[in-house]
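Biologist: I should like a close look at the salt bridges in this model. Please describe where they sit and what they connect.

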Amino acid sequence: MAEEVKYRKARVGIVVSDKMEKSIVVRVDRMAKHELYGKPVLRSKKFMAHDENNECRIGDRVQIEETRPLSARKHWEVTKIIEKAPILGGEEE
């Protein structure tokens, strides 16, 4: 019997909250056409994602992938950090 390959949804977004333990909130933006006028409009949606090592900070660009439900609202996990956000207000040497 041939083995089935299950494809998981993947999204790229910006971390908007990292105040929880092992969890982050990621905002995913997309361009959609306005229903009446046809003008491209920026639409966004927020996903809670699992961050096992608490590596992500606010402003990081991350890739998340769908997984089994980990809690009532969390069924995405961070697969990689694409771009780290700059640390603002840090000490200069």
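Modeller: The answer begins with the fold and then takes the salt bridges in turn. The model is predicted, with local features requiring pLDDT of at least 70 and side-chain atom pairs counted only at pLDDT 80 or more, whereas totals for chains, interfaces and linings use all residues. Residues are numbered from 1 along each chain as its sequence is written, and side-chain values use heavy atoms, with hydrogens and water left out.

The framework is a barrel closed by 5 strands in the order E1-E2-E3-E5-E4, with mixed pairing. Strands here are DSSP runs of E of at least two residues, numbered from the N terminus, and two of them pair if DSSP finds at least two bridges between them. Strand E1 (residues 10-20) is joined by 5 bridges to the antiparallel strand E4 (residues 61-66), and by 4 bridges to the antiparallel strand E2 (residues 23-33). E2 in turn pairs with E3 (residues 40-50) over 11 bridges, again in the antiparallel sense.

A salt bridge requires a side-chain nitrogen of Lys or Arg within 4 Å of a carboxyl oxygen of Asp or Glu. The side chains of Arg8 and Glu77 form one, at 3.8 Å from N to O. Because Arg8 lies in the segment before E1 and Glu77 in strand E5 (residues 74-83), the pair ties together parts that are 69 residues apart in sequence. Arg8 is partly exposed at 48% relative accessible area, and Glu77 is partly exposed at 25%; this class lies between buried (under 20%) and exposed (over 50%), with a 1.4 Å probe and protein chains only. Arg8 and Glu77 also belong to a salt-bridge network with Glu65.

The second pair concerns the E1-E2 hairpin, which has 2 residues between its strands and in whose turn Lys22 has a positive phi of about 60°. The closest N and O atoms of Lys22 and Glu52 are 3.1 Å apart in their salt bridge. Glu52 lies in the loop between E3 and E4 and Lys22 in the loop between E1 and E2, so this contact ties together parts 30 residues apart in sequence. Both are partly exposed, Glu52 at 44% and Lys22 at 35%.

The third pair is Asp60 and Lys84, whose side chains meet at 3.7 Å, N to O. This salt bridge links distant parts of the chain, with Asp60 in the loop between E3 and E4 and Lys84 in the segment after E5, 24 residues apart. Asp60 is buried, at 0% relative accessible area, whereas Lys84 is partly exposed at 43%.
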